[in-house]
Amino acid sequence: MSAKDDPLIRFSVAIGGELLQRFDQYREEHQYPNRSEAVRGLMRAALIEDAIEHEDVEAVGVVTLIYDHHASRISDRLTELQHEHLDRVVTSTHMHLDSTRCLEVILLRGPTRVIRELANGLIGTKGVETGRLVLASAHPVGSADAEAHGHPHPHPHSG
Ligand code: NI
């Protein structure tokens, strides 16, 4: 059974005054329409983070790199690394930030372990001023789906 067929279940939560105040502030700032939506959002975020941290789930990663294109062969190195991982690089965008610095955004897809390694290679390339990887699970997390546990699963939109 998929979680989509599950009925909503109400449960009560006991929370002390200050934590609830902070939570309501958070809910307003993040524009959640109500507490239930905010709790669901936070639960999903925690489960996604946990799955990405501890399981080899299918993930998408966004790598942002800022570098000076004058640095020795950096453009070549970054391009080579991406050509070596053709099957993991979905797309990339290059933007000339100012007279010397470039911003490159690279979208990756694959098992978290592979994405992390490749991202570390890109970010660690000599001459990169700063780099960051943002990971997300490619599949819904927090449902009863097998794919949330890293098993291969036919994609519903393919074929
Ligand atoms: Ni540039």
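**Exercise 1. Describe the pairing of Asp98 with Arg101, and classify both residues by accessibility.**

Step 1. Asp98 and Arg101 join their side chains in a salt bridge, 2.8 Å from N to O. The term requires a side-chain nitrogen of Lys or Arg within 4 Å of a carboxyl oxygen of Asp or Glu.

Step 2. Apply the accessibility classes: buried is under 20% relative accessible area, exposed is over 50%, and partly exposed lies in between (1.4 Å probe, protein chains only). Asp98 has a relative accessible area of 36%, so this residue is partly exposed. Arg101 stands at 24% and is partly exposed.

Step 3. Note the basis. The model is predicted, local features need pLDDT of at least 70, side-chain atom pairs count only at pLDDT 80 or more, and totals for chains, interfaces and linings use all residues. Residues are numbered from 1 along each chain as its sequence is written, and side-chain values use heavy atoms, with hydrogens and water left out.

**Exercise 2. Lay out the order of helices and strands in the protein chain.**

Step 1. Count the elements: the chain has four helices and four strands. Both are DSSP runs numbered from the N terminus: helices are H or I with at least four residues, strands are E with at least two.

Step 2. Read from the N terminus: α-α-β-α-β-β-α-β.

Step 3. Add the chain totals. Of its 159 residues, 26% are buried. Among contacts (heavy atoms within 4.5 Å) with a separation of 6 or more, 64% link residues 24 or more positions apart.

**Exercise 3. Examine the salt bridges placed within helices α2 and α4.**

Step 1. Start with the general rule. An α-helix has 3.6 residues a turn, so residues three or four places apart point the same way.

Step 2. Take α2 (residues 35-54). Glu37 and Arg40 sit three residues apart there, about one turn of the helix. Their side chains form a salt bridge at 2.9 Å, N to O. Glu37 is partly exposed at 28% relative accessibility. Arg40 is partly exposed too, at 30%.

Step 3. Take α4 (residues 112-123). Glu117 and Arg113 are four residues apart in this helix, so about one helical turn separates them. In their salt bridge, the closest N and O atoms are 4.0 Å apart. Glu117 is exposed at 54%, whereas Arg113 is partly exposed at 48%.

Step 4. Add the network: salt bridges with shared partners join Asp24, Arg27 and Arg35. The whole structure holds 10 salt bridges.

**Exercise 4. Find the buried face of helix α3 and what covers it.**

Step 1. List the buried residues of α3 (residues 74-84): Ile74, Leu78, Leu81 and Gln82.

Step 2. Look down the axis. The buried residues fall within an arc of 95°, so they line one face of the helix. The arc is that of the directions from the helix axis to the C-beta atoms.

Step 3. Turn to the other side of α3: His83 and Glu84 are exposed.

Step 4. Identify the cover. It includes β1 (58-68), β2 (89-96), β3 (101-111), α4 and β4 (128-137).

**Exercise 5. Locate the aromatic pair and state its geometry.**

Step 1. Set the rule. Rings of Phe, Tyr and Trp (its six-membered ring) pair if their centres lie within 6.5 Å; planes under 30 degrees apart count as stacked, over 60 as edge-to-face, the rest as tilted.

Step 2. The count is one aromatic pair. Tyr26 and Tyr32 form a stacked pair, 6.5 Å centre to centre with 25° between the planes.

Step 3. Check accessibility. Tyr26 is partly exposed at 28%, and Tyr32 is partly exposed at 23%.
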